Amino acid sequence: MTALLAIPLLPLLAAVTALAAGRRLPWGGGELVVAGVALSLVALALVPAGATMTVTWFESGDYRLTVGLAATPLTRFVAMVVAGVAVCVATYGVGYMGGRPDRPRFFAELGLFVGAMLALILANSLALLFAAWEMVGLASFLLIGFEHAAPGAAGAASKAFLMTRAGDVGLLLGWLLALAATGTTDVDALAGAVEAGRVAPGAVTAMALLMLAGALGKSAQLPFSAWLPDAMVGPTPVSALLHSATMVAAGVFLVLRLDAVFAAAPLAMAALFWVGAVTAVFAALVATAEADLKRVLAWSTCSQLGEMMVALGLGGARAAAFHLAVHAAFKSTLFLAAGIVQERAGTRALDRLGGFLRALPLAGAAFLVAALALAGVPPLSGFWSEEGILAVASQHGPGAGALVVLLVLLGGTYIGRAGTAAFLGRRRDRAGTGKTAWTMRAGTLALALAAAVLGWLLAGSLGALLPFEADPGAEVSLRNLGIAAGLLGLGIGVARGRGGSPALGPWPARLAAGLSAATAAPARWTTQLARRLGPLEDALDAAARRVAGWTWGAGEAAGRIEVRGFARLGDGLAAWLAAGGERLRALQAGRLYLYTLGLFAWATAALAAGALLLWP
Amino acid sequence: MTVPLTAYLVVAALLFAIGVYTVVAQRSAVMVLMGVEVLLNAIGLNVVAFWRFTAPTDYSAQVLAILVVTVGAIEMAIGLALVLLLYRQRRTVEVDAYTDLNG
């Protein structure tokens, strides 16, 4: 239980310590984050399967809000992937950020990012999941905007934050709906209620669609894709982490975690499939024409996540989880290798790179391995997971199978083009021959190793780690077709990619411009609306001030009435009574005969009155 | 010959009138006190006369008459004591000199 709690807390603790004491440490706090995440990985290995820890946050009537962590097969698996990638990326980050004075802030934000992601994954309560989800969003905002002085960084960070936030509204509404339907925030209770049919089908569909919006925002699916390529202005370790394990994986993970809810909502599954398919094809096409190495990889991430969404939409949760892990390994490798190239060349523009295989053999080899893995070349990791997705898709008919084959083909094309443009040919940059830090090489090497063998291990001896039930194997013809498509794509990319020219002509670039314009328009409208809200707010302010003024005036008037009216009235009454008393005093003259006369006159009058009354 | 009730009542009324006049008109505190005594005795005469002519067997009227005399004696004692004190203090028995004793 302590181990379970330690998993998300250790990176967070490391983050706080790095921020406080990073300035005095030789690696600027990076060693703390690396150690923290590595310890979480150890704790993750130690924690027994099925361990849970739940506390009631508060109860209100029939509603019971819990907060807790659980180590189910799925959460353990994804958490291991996250922590494993994060250790390698943080190690790389130590070298990448070497010598910079603002390192502690970077490592603190990185630790927050990883810790929040681990909390998100292990959470067994929708409330905690949502909180961690927002924390991941916040950390990504901070990290994308880390170089806030660089042009475009602040804009890209805000874009990422706001676009994912648009999806997060869906997640918020979704889990509130789940709370209303089941009375608890427990994920397992929700899954049980949905499976037992205790929740109305309409509510399940609405819930699934709302949560899908959150997942699409986080995983940069259409129409929320535009933030992901722009997020490339962040430091390379951030890109690597953001694109592989921590940020974008959250969307896919959410669908996996709420598998029971989605399985009961065919409409949401169909939406998942179609959004995934459109995003995957669109993003892959854009990636073939993108002129920036890291942006190629970003669009590739969109495409690969779309592929996972396709698999999820077809009910292939195991294949999607498998691909999530494998993709995390090879995509982070690609980013780290690209980061090494960028550091050496001083640019990421594909038409100014080239010939780095000789200058940076390690980065080149890592990139090659990861690219082949992405293209699905056996026996590298991508082959195994794409085979799984292919199997799921081909079971659903030739159309879905053909879609996945097309995606493999496009994947091979864009990554072949990017690799060729960056590593083959001759050097075109004028940069010197600096030395790459050993930590950067170590992180890249470890991830490249994972990209090479992870698929084989998970498909074979470590298959028990994968969550969900195993599927029957793919048909051989489609498997061969997949391999052929990957190789063909690589061939096209290598053949046409020299010098960084677009592999399939320049038209896909226009797609990206179109999307950018299409997503910019609502943002512009929102901005204008917000501007228009300003005067309205001023008017409200003025009205409130006027009401306050009136109240003040009324208070003043009441005070005046009190002083002039009541007080004067009281004074007058008192004075009148006093004067009456004075006048009455005159009767009391102290003259005995007057008293006696009064007495007798009174007695006579009384007797006379009595006699008159009693007269018969 | 018997003296009729009316005669008693007339005498009592005269006594009462003399008493009232004395109390109202006399300036001397001693004379005022004497007027009060006359008033009391007028009432006493009335009481005795009514008893004698209406209910001679009922002795409660005699008790009332003795009570009136007793009260008169006590009143006189207290009244004279007060006047004596006032005289010692102010060297006069004129009631007009006592007007500053009002409330």
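Two strands pair if DSSP finds at least two bridges between them. With that in hand, let's work through some exercises on this predicted model.

**Exercise 1.** Find how strand S1 and strand S2 of chain A pair, and which residue of their hairpin takes a positive phi.

*Solution.* Start with the strands: S1 (residues 52-60) and S2 (residues 63-70) of chain A run antiparallel and are joined over eight bridges. Next, pick out one pair of residues: A:Glu59 faces A:Arg64 in S2(A). Finally, look at the turn: two residues lie between the strands of this hairpin, and A:Gly61 has a positive phi near 65 degrees.

**Exercise 2.** Decide whether A:Ala220 is buried or exposed, and say where A:Ala220 is found.

*Solution.* Begin with the backbone: phi of A:Ala220 is near 55 degrees, positive in a residue that is not glycine. Most residues other than glycine have a negative phi. Then place the residue: A:Ala220 sits in the loop between helix H8 (201-218) and helix H9 (227-230) of chain A. Now count neighbours: A:Ala220 is buried because 30 other C-beta atoms lie within 10 Å, and the cut-off is 20 or more.

**Exercise 3.** Do the same for B:Arg91: is this residue buried or exposed?

*Solution.* B:Arg91 is not a glycine, yet its phi is positive, about 60 degrees. B:Arg91 belongs to the segment after helix H3 (60-90) of chain B. With 8 other C-beta atoms within 10 Å, B:Arg91 is exposed.

**Exercise 4.** Describe the contact between chain A and chain B.

*Solution.* Chain A supplies nine residues and chain B supplies 12 residues. Sorted by class, the chain A side that touches chain B holds five nonpolar, three polar and one charged residues.

Notes:
Residues numbered from 1 in each chain as written. Chains lettered and ligands numbered in written order. Predicted model: local features only at pLDDT ≥ 70, side-chain atom pairs only at ≥ 80, totals over all residues. Contact = placed C-beta atoms within 7 Å. Nonpolar A, V, L, I, M, F, W, Y, C, P; charged D, E, K, R; others polar. Helix = DSSP H or I, 4+ residues; strand = E, 2+ residues; numbered from the N terminus. Buried ≥ 20, exposed ≤ 12 C-beta atoms within 10 Å, placed from the backbone.
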